[in-house]
Amino acid sequence: MNTAPVPMYEWNTIPWAKAEREVFKLQKRIYQAAQRENRKAIHQLQRLLMTSWWACVLAVRKVSQDNQGKKTAGVDGVKSLTPRDRLALAHRLHAHPLVPKSPPVRRVWRPKPGTSEHRPLGIPTMEQRARQALVKLVLEPEWEAQFAPNSYGFRPGRSAHDAIEAIFKGIRMQAKFVLDADIAKCFGAPGKARRFQRVPFPPRQESSQLTGNRVLGAWR
């Protein structure tokens, strides 16, 4: 349980510029530690960010106000939060960033464009989405330091337009071969243990021993 003091704010009076600044400073330190391959510093800073009040309020704002799917309900039926509810959720995240067991997701089937197939989509509850957003804030800086410079998928500050620009600059001076590969189902096929082997863990933990929330529990 996190016992760090919490600033006293109403939701509508939270200084968002300060929150973003404080979170960015910690993320920058994590990024720099990852570049130095300092595992101890990385996990110490990640623990700090995981229990940061400012990171908690930003995670709640992300899923309840900013995201396109903010009105999508999970199994609990909650579609929106009042300012008081958002503040209460931020307090719960700050007190208990990790929970021993995640609630079930609401399963819906969405059609795949151009085909008759459907793909399953699991929709977590609002609270669980906030926890995931908090974890994303913590993990993203470390992985950004490791990604290849010419990768553009699901990375902050990058888009398909950046990939198009990189391709144009690479082929405008001379003709080159282009490989078109279908990687559908590539990411769903490897087993859970194989995926966890790619996640860096604290030295005292073995990835083969971790599943679900125990992955994040390795920080504690």
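**Figure 1. Q128, a buried glutamine in this predicted model.** Q128 counts as buried because its relative accessibility is 9%, and the cut-off for buried is under 20%. You'll find Q128 in helix α5. Which residues does Q128 touch once its neighbours within four places in sequence are left aside? They are V99, S102 and P103.

**Figure 2. The whole protein, for orientation.** Before going further in, here's the overall layout. The protein has 8 helices and 2 strands. Walk along the sequence and you meet them as α-α-α-α-β-β-α-α-α-α, so the two strands sit between one run of four helices and another. Of the 220 residues, 33% are buried. As for the outside, about 15000 Å² is exposed, with carbon and sulfur atoms supplying 56% of that. If you take contacts between residues at least 6 apart in sequence, 64% of them join residues at least 24 apart.

**Figure 3. The largest nonpolar core.** In soluble globular proteins, nonpolar side chains tend to be buried together. Here, the largest nonpolar core has 36 residues, and V57 and L93 are the ones with the most contacts inside it. Which elements give two or more residues to this core? The list runs α1 (16–35), α2 (39–50), α3 (53–66), α4 (83–95) and α5 (126–144). Helix α3 puts in the largest share, 9 residues.

**Figure 4. A closer look at L93.** L93 is one of the two residues with the most contacts inside the largest nonpolar core. Its number falls within the span of α4 (83–95). Skip residues up to four places away in sequence, and L93 touches C56, A59, V60, E127, A130, R131 and L134. By their numbers, C56, A59 and V60 fall within α3 (53–66), while E127, A130, R131 and L134 fall within α5 (126–144). So, with contact meaning heavy atoms within 4.5 Å, L93 reaches residues of both α3 and α5.

**Figure 5. The second largest pocket.** Rolling a probe the size of a water molecule over the atoms shows where empty space is left. The second largest pocket holds about 250 Å³ of space. What lines this pocket? The residues are F24, Q27, K28, Y31, E140, P141, E144, R155 and P156. Helices α1 and α5 each supply at least two of the lining residues, with α1 giving the largest share at 4. Sorted by class, the lining comes out as 4 nonpolar, 1 polar and 4 charged residues.

How values were computed
Residues are numbered from 1 along each chain as its sequence is written. This is a predicted model: local features need pLDDT of at least 70, side-chain atom pairs count only at pLDDT 80 or more; totals for chains, interfaces and linings use all residues. Side-chain values use heavy atoms; hydrogens and water are left out. A nonpolar core is a set of buried Ala, Val, Leu, Ile, Met, Phe, Trp, Tyr and Cys residues joined through side-chain atoms within 4.5 Å. Buried means under 20% relative accessible area, exposed over 50%, partly exposed in between (1.4 Å probe, protein chains only). Accessible areas come from the Shrake-Rupley method with a 1.4 Å probe; for residues, only the protein chains shown count as cover. On a 1 Å grid over the protein atoms alone, a cavity is a set of points where a 1.4 Å probe fits but cannot get out, and a pocket is an open set with protein on both sides within 12 Å along at least five of seven lines; lining residues have an atom within 4 Å of a point. Grid points are joined across faces, edges and corners, and a volume is the space filled by probe spheres set on the points. Ala, Val, Leu, Ile, Met, Phe, Trp, Tyr, Cys and Pro count as nonpolar, Asp, Glu, Lys and Arg as charged, and the others, Gly among them, as polar.
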